[in-house]
Amino acid sequence: MATFPALRPASRSYSMGIFPITVETGFGGGSTRFLHGTTNSGHTLNLGFENLTQSEAGLIRTHYRLQDGGHVAFALSSDAWAGHTSPTDLVPTTTLWCYDAQPQETHKSGGYIDMTITLRSVI
């Protein structure tokens, strides 16, 4: 299994995902909520990289292609969580991720590149 390239993001944003709940309308017009599990899923993680070199940006592009876009799941390198106290307070260490969208690039003078990556957890 591939691991995301060992690059440290300049920014990170996280969304906790949702619990598996369905809502059914009752005969009297009220609603009943059904919880189908006790673990939330669909965590999203946005990683922002600034001033990447061409070769560093190439690592992300190659990884994206080898994962068939968002098809093949992968583990995150510890560098993806760099600066965060403990990633396990957000998700278990066994959590796998896939691309939720293609990497977004901004090309800057001097050959540097800013990239934004959006990932979604998979079970």
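**Why do we call it that?**

Guide: Let's start with one pair of residues: the bridge partner of Glu24 is Thr32, which is in β3. What you see is a predicted model, in which local features need pLDDT of at least 70, side-chain atom pairs count only at pLDDT 80 or more, and totals for chains, interfaces and linings use all residues. Residues are numbered from 1 along each chain as its sequence is written, while side-chain values use heavy atoms, with hydrogens and water left out.

Visitor: How do you know that β2 and β3 pair?

Guide: Two strands pair if DSSP finds at least two bridges between them. Strand β2 (residues 21–25) and β3 have 5 bridges, in the antiparallel sense, so they pair. They also form a hairpin, with 5 residues between them. In the turn, Gly29 has a positive phi of about 95°. As for the names, strands (E, at least two residues) and helices (H or I, at least four) are DSSP runs, numbered from the N terminus.

Visitor: What makes β3 hardly covered?

Guide: Buried means under 20% relative accessible area, exposed means over 50%, and partly exposed is in between (1.4 Å probe, protein chains only). Of the 5 residues in β3 (31–35), the count that is buried is 0.

Visitor: Why is Thr38 called exposed?

Guide: Its relative accessible area is 69%, and the cut-off is over 50%, so Thr38 is exposed. You'll find Thr38 in the loop between β3 and β4 (44–52).

Visitor: Why is Asn51 called partly exposed?

Guide: Asn51 has a relative accessible area of 40%, which falls between the two cut-offs, so it counts as partly exposed. Asn51 is in strand β4, and its phi is near 55°, a positive value in a residue other than glycine.

Visitor: And what makes Asp68 exposed?

Guide: Its value is 51%, so Asp68 passes the over 50% cut-off. Asp68 sits in the loop between α1 (54–66) and β5 (96–99).

Visitor: Which residues have the most contacts inside the largest nonpolar core?

Guide: Those are Phe4, Phe49, Ile60, Leu76 and Leu119, in a core of 19 residues. At least two residues each come from β4, α1, β5 and β7 (113–122). A nonpolar core is a set of buried Ala, Val, Leu, Ile, Met, Phe, Trp, Tyr and Cys residues joined through side-chain atoms within 4.5 Å.

Visitor: How many residues score at least 70 in pLDDT?

Guide: The share is 93%, and the protein averages 87. pLDDT is the predictor's confidence in each residue, from 0 to 100.
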